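User: Please take a close look at one part of this structure, the annotated active site, and then set that part in the context of the rest of the chain. I am in my first year, so plain wording would help.

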Amino acid sequence: MTSFSLLAPAKLNLFLHINGRREDGYHELETLFTFLNYGDQLTFTLTETTEIEVTGDTTDIPLKDNLIYKAAVLLQKHTNSLFGAKINLTKILPMGGGVGGGSSDAASTLLALNKLWQCQLSLSELAALGVQLGADVPVFINGKSALAQGIGEKLVNVELPSKWYCVVHPSEHVSTAKIFTHPDLKRNTPKLKGHWQQQTLANDCEPLVKKLCPEVEKTLQWLLKYAPSKMTGTGSCCFVEFATQKEAQHVLENLPHNWDGFIASSVNISPAHTQLDAIH
Ligand SMILES: C[C@](O)(CO)[C@H](O)COP(=O)(O)OP(=O)(O)OC[C@H]1O[C@@H](n2ccc(N)nc2=O)[C@H](O)[C@@H]1O
Ligand SMILES: Nc1ncnc2c1ncn2[C@@H]1O[C@H](COP(=O)(O)OP(=O)(O)OP(=O)(O)O)[C@@H](O)[C@H]1O
């Protein structure tokens, strides 16, 4: 196989507790990750030179900063691969929306090129490379819904019931770094004791983001008409959960005209892994 496509799925943080700040500035957190059957589309084609070419919806991001390019170069250097690749991106996920699009692109690139270049690195070796690109990359490499600890890289797989989500993307962009460096961020939630299902679960970034971005506050309020609303990651996307597609579709159909959103079902195994396993 010298060319194939993979999805880079979205993630949702079903809760996000911040337990403290480390000396390097990163935060200790506890979060529950689920994957959505919805994401960016990436096509990988093997080339016989070492060049890495990224095409498609990449205009906003300089090549050297693109997490797809960075992931490819990292793997190439780590394995001394003499191959290259042409990678085409169809961007579907909102950038900086808290659904992990950049991290998921990076993870799908590592997974795909590991196969295309026959590097034969294990998932834990790929995750160790991935965490150098972002705290969220390992969960996408691991490919299973998981409870994460540490900076988000210590993962315990969990089985979650499949749900339907309506995800709304407010027009305001939220910088993850800005939230994590803000003095008013709540950083003192005690670590979970016992099973997470028996606890009160929240997103500790939500009060601060609501204060800084009125659009997020407005979105969460509007969604409350339908179901308990939550924010994912450091925002700005907000979501509501349902048992059926019909209920999620109903919210999407009623979105105010200038708002963006999508619906998707959650899956316990990342669609990138399901697709990769089907390639021989
Ligand atoms: C908030 C989450 O989206 C939850 O899934 C992630 O933990 C963020 O993951 P990410 O976007 O892959 O994060 P990175 O690209 O590694 O870091 C973005 C910014 O967030 C801060 N950051 C990130 C993760 C973490 N546990 N503590 C942090 O303080 C970093 O210092 C950096 O300034
Ligand atoms: N291929 C890429 N896709 C999206 N963003 C990228 C990519 N490469 C680099 N970036 C940079 O990464 C930043 C964060 O992107 P991303 O879409 O992952 O944010 P996010 O959904 O808030 O992620 P998280 O929840 O992990 O914080 C973007 O603002 C962009 O500058």
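Analyst:

**The active site and its surroundings**

The protein chain has an average pLDDT of 95, and 100% of its residues score at least 70. This is a predicted model, and for the complex the predictor reports an ipTM of 0.95 and a pTM of 0.96.

We start with the site itself. An unreviewed UniProt entry gives the annotation "active site" to Lys11 and Asp136. These two span 126 residues in sequence, yet their C-alpha atoms are no more than 9.4 Å apart, so they gather at one spot. Both Lys11 and Asp136 belong to the lining of the largest pocket.

Lys11 can be followed further. Lys11 is part of strand β1, which runs over residues 3-21. Its relative accessibility is 3%, so Lys11 counts as buried, the cut-off being under 20%. Leaving out residues up to four places away in sequence, Lys11 touches Phe33, Thr34, Gly98, Val99, Gly100, Asp136, Phe140, Thr232 and Gly233. The other annotated residue, Asp136, is thus among the contacts of Lys11.

Phe33 leads on to another strand. Phe33 is a contact of Lys11, and Phe33 is also a contact of Ala146. Ala146 sits in strand β5, residues 146-149. With a relative accessible area of 0%, Ala146 is buried. Beyond its neighbours within four places in sequence, Ala146 also contacts Thr31, Leu32, Val139, Leu155, Val156, Asn157 and Val158. From Ala146 to Gln245 there are 99 residues in sequence and 23 Å in space, taken between C-alpha atoms.

The record also marks a wider region. In the unreviewed UniProt entry, the feature "domain: GHMP kinase N-terminal" is placed at residues 66-143. That stretch is 55% helix and 9% strand, and the C-alpha atoms at its ends are 22 Å apart.

One of the helices to look at is α3, residues 123-130, whose buried residues are Leu126, Ala127, Leu129 and Gly130. They lie on the same side of α3, because they cover an arc of only 160 degrees around the axis. The buried residues of α3 pack against α1 (67-79), α2 and α4 (137-142).

Helix α2 takes us to the nonpolar interior. The largest nonpolar core has 40 residues, and those with the most contacts inside it are Phe44, Leu75, Ile87, Leu113 and Trp117. Helix α2, residues 101-116, supplies the largest share of this core, seven residues. A second, separate core has 27 residues, including Val168, Val174, Val240 and Ala248.

Phe44 shows what such packing looks like in detail. Apart from neighbours within four places in sequence, the contacts of Phe44 include Thr2, Ser3, Phe4 and Leu6. Phe44 also contacts Lys86 and Ile87, as well as Ser108, Thr109, Ala112, Leu113 and Leu116.

Helix α7, residues 214-223, offers another example of a helix with a buried side. The buried residues of α7 are Val216, Thr219, Leu220, Trp222 and Leu223. Their arc around the axis is only 165 degrees, which puts them on the same side of α7. Among the elements that cover these buried residues are β7 (164-169), α6 (206-212), β8 (230-231), β9 (238-242) and α8 (245-253).

To return to the part you asked about: the "active site" annotation, from an unreviewed UniProt entry, covers Lys11 and Asp136, and both help line the largest pocket.

Methods. Residues are numbered from 1 along each chain as its sequence is written. Chains are lettered from A and ligands numbered from 1 in the order in which they are written. This is a predicted model: local features need pLDDT of at least 70, side-chain atom pairs count only at pLDDT 80 or more; totals for chains, interfaces and linings use all residues. Side-chain values use heavy atoms; hydrogens and water are left out. A nonpolar core is a set of buried Ala, Val, Leu, Ile, Met, Phe, Trp, Tyr and Cys residues joined through side-chain atoms within 4.5 Å. Buried means under 20% relative accessible area, exposed over 50%, partly exposed in between (1.4 Å probe, protein chains only). Helices (H or I, at least four residues) and strands (E, at least two) are DSSP runs, numbered from the N terminus. Contact means heavy atoms within 4.5 Å. The arc is that of the directions from the helix axis to the C-beta atoms. pLDDT is the predictor's confidence in each residue, from 0 to 100. UniProt positions are given in the numbering used here, feature names are shortened, and annotations may be inferred rather than shown by experiment. On a 1 Å grid over the protein atoms alone, a cavity is a set of points where a 1.4 Å probe fits but cannot get out, and a pocket is an open set with protein on both sides within 12 Å along at least five of seven lines; lining residues have an atom within 4 Å of a point.
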